[in-house]
Amino acid sequence: MSSSKDAGKQQLVDLTSLSVQDLSRVKQQLDEELQHLTDSFTKLRAAQAKFRECIKTIQTGVSPDMEGKTILVPLTTSLYVPGTLSSVDTVIVDVGTGYYVEKSTEDGQKFYRNKVDMIQTNMADLEKIISQKSQNVRVVEEVLRQKMLSAAAASSA
């Protein structure tokens, strides 16, 4: 079982040497870390879906037959205003923190595909970490269960 002491340093701890109270604290900490990591994974998945939707919108919504027509432009996730598609050759891409860049439709799709790929890589890395943390929780739970059983057996004898 590993527990982090300093950023990047890992120290091995013999779980059987810990008290039931210490094991409970370790389990609680691991559960909190696991919950945080799971929440992060969910947020990454949502961001990836958003970027995929951007790709789909560029592919289907920016076509020559739409030029000059009135469309609904999203200002927020729930607020849309009417606008006119003035060019089907370029799109305005949200590059983050309130900055927008005009790109060709091809470059806009490429930008969002790169985002989707980057998030996929991060999700794969995070999935490995979540799996390891889950395994650590199971190990701590098993040692805790064994300690509690042996304490119960000792008190009844």
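Two strands count as a pair when DSSP finds at least two bridges between them. Keep that in mind for the hairpins below, and remember that everything here comes from a predicted model.

**View 1. The hairpin of β5 and β6, with T97 in the turn.** Strands β5 and β6 run antiparallel, and six bridges hook them up. G96 sits opposite Y99 of β6. Two residues lie between the strands of this hairpin, and T97 belongs to that loop between β5 and β6. Which sign does phi of T97 take? Phi is positive, near 45°, and T97 isn't a glycine. T97 also sticks out: its relative accessible area is 76%, and since anything over 50% counts as exposed, T97 is exposed. As for β6, how many of its six residues are buried? The number is zero, so β6 lies largely in the open.

**View 2. The hairpin of β3 and β4.** Here β3 covers residues 70-74 and β4 covers residues 80-84, with the two strands antiparallel and five bridges joining them. Five residues make up the link that takes β3 into β4. Look for P74 and its bridge partner in β4, Y80. P74 turns up again in the next view, as one of the residues nearest the centre of the largest pocket.

**View 3. The largest pocket, about 1200 Å³ in volume.** Its lining takes in 29 residues, and the ones nearest the centre are C54, T57, V73, P74 and I92. The elements that put two or more residues into that lining are α1 (20-61), β3, β4, β5 (90-96) and β6 (99-104). So both hairpins from the earlier views have their strands on this list. Which element gives the largest share of the lining? That's α1, with six residues. If you're thinking about the chemistry of the lining, the split is 16 nonpolar, nine polar and four charged residues.

**View 4. Two serines in the loops on either side of α1: S19 and S63.** S19 sits in the loop between β2 (10-12) and α1, while S63 is in the loop between α1 and β3. Are these serines buried or exposed, or something in between? S19 has a relative accessibility of 34%, so it counts as partly exposed. S63 comes in at 16%, and because buried means under 20%, S63 is buried. The side chain of S63 makes a polar contact of 2.4 Å with the side chain of D65. Over at S19, check the C-alpha atom of L144: the two residues are 125 apart along the chain, yet their C-alpha atoms are separated by 8.7 Å.

**View 5. The aromatic cluster of F51, F111 and Y112.** A pair of aromatic rings is described by the distance of the centres and the angle of the planes. Searching the whole structure turns up two aromatic pairs. In the pair of F111 and Y112, the ring centres are 5.2 Å apart and the planes meet at 75°, so this one is edge-to-face. That follows because planes over 60 degrees apart get the edge-to-face label. Where do these two residues stand on accessibility, buried or exposed? Both F111 and Y112 are buried. Put F51 with them and you have the one cluster of three shown here.

Definitions and conventions. Residues numbered from 1 in each chain as written. Predicted model: local features only at pLDDT ≥ 70, side-chain atom pairs only at ≥ 80, totals over all residues. Heavy atoms only, no water. Helix = DSSP H or I, 4+ residues; strand = E, 2+ residues; numbered from the N terminus. 1 Å grid on protein atoms, 1.4 Å probe; cavity = no way out; pocket = protein on both sides within 12 Å on 5 of 7 lines; lining within 4 Å. Points joined across faces, edges and corners; volume = space filled by probe spheres on them. Nonpolar A, V, L, I, M, F, W, Y, C, P; charged D, E, K, R; others polar. Buried < 20%, exposed > 50% of the residue type's maximum accessible area, 1.4 Å probe, protein only. Polar contact = N/O pair within 3.5 Å; in protein donor to acceptor, adjacent residues only side chain to side chain. Phe/Tyr/Trp six-rings, centres within 6.5 Å; stacked < 30°, edge-to-face > 60°.
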